[in-house]
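The report below goes from the confidence of the model to its fold and overall dimensions, and then to two residues of a loop.

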Amino acid sequence: MYKEFGFWKEYGEHYIGSPSIYLHRNKTINESYDKNKLVNYLNYGGIIAVSSKINFPHIFKDIERSGDFLLLTDGFWIWPEDLAEYVQSFDVVLPDDWYLHIIKNNYKISKEIKSKQEHIDWGLRS
């Protein structure tokens, strides 16, 4: 069973039961991250599902989105593809247990995890 993070109530009526992104913004904690490594990790998870960008409006920018929107995983967590941008540019912080897991694994998804979860499109993303 996967844990989910980054599905915000601000995405719209289908996510009304999700937490607000504003509860997960903390500049001090965010500045303590090794952002290059973390953002790279978040950008290159395996593809577990594809949706439409219309279902995931940008929360901080008034821009129209179209095309595919990826839901990514590291084998334990699932997150929307824009989470890396929110961490990079909008001070979003990850749950402590997930961030500690990422650090423990040196910002890499192991080959063992990938081989056990063949249903995920690991492609060149991780």
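What follows describes the protein chain as a whole before turning to single residues.

The coordinates come from a predicted model, and the confidence of the prediction is therefore the natural place to begin. The mean pLDDT of the protein chain is 92, with 98% of its residues at 70 or more. Among the elements, helix H1, which covers residues 27-32, has the highest mean pLDDT, at 98, whereas helix H5, which covers residues 111-116, has the lowest, at 90. Where pLDDT is low, predicted coordinates should not be read in detail.

The secondary structure consists of five helices and four strands. Read from the N terminus, the elements follow one another in the order β-α-α-β-β-β-α-α-α, so that the chain begins with a strand and ends with three helices in succession.

As to overall dimensions, a compact globule of 126 residues would be expected to have a radius of gyration near 14 Å, and because the protein chain has 14 Å, the two values agree. Taken along the principal axes, the box filled by the C-alpha atoms is roughly 40 × 35 × 25 Å. Of the 126 residues in the protein chain, 42% are buried. When contacts between residues at least 6 apart in sequence are considered, 68% of them join residues that are at least 24 apart.

The accessible surface of the protein chain amounts to about 7,500 Å², and carbon and sulfur atoms account for 50% of that area. The protein chain carries 15 positive and 18 negative charges, and the mean positions of these two sets lie 6 Å apart.

Two residues deserve a separate look for their backbone angles. Asn106 is located in the loop between helix H4 (96-104) and H5, and Tyr107 is found in the loop between H4 and H5 as well. Each is a residue other than glycine with a positive phi, and their values are set out below.

| Residue | Phi | Relative accessibility |
|---|---|---|
| Asn106 | near 55° | 48% |
| Tyr107 | near 60° | 15% |

How does the accessibility of each residue translate into a class? Tyr107 is buried because its relative accessible area of 15% falls under 20%. Asn106, at 48% relative accessibility, counts as partly exposed, because this value lies between the cut-offs of 20% and 50%.

Terms used:
Residues are numbered from 1 along each chain as its sequence is written. This is a predicted model: local features need pLDDT of at least 70, side-chain atom pairs count only at pLDDT 80 or more; totals for chains, interfaces and linings use all residues. Side-chain values use heavy atoms; hydrogens and water are left out. pLDDT is the predictor's confidence in each residue, from 0 to 100. Helices (H or I, at least four residues) and strands (E, at least two) are DSSP runs, numbered from the N terminus. The radius of gyration is taken over C-alpha atoms; the globule rule is 2.2 Å times the number of residues to the power 0.38. Buried means under 20% relative accessible area, exposed over 50%, partly exposed in between (1.4 Å probe, protein chains only). Contact means heavy atoms within 4.5 Å. Accessible areas come from the Shrake-Rupley method with a 1.4 Å probe; for residues, only the protein chains shown count as cover. Lys and Arg count as positive and Asp and Glu as negative; His and the chain ends are not counted. The place of a charge is taken as NZ of Lys, CZ of Arg, CG of Asp or CD of Glu.
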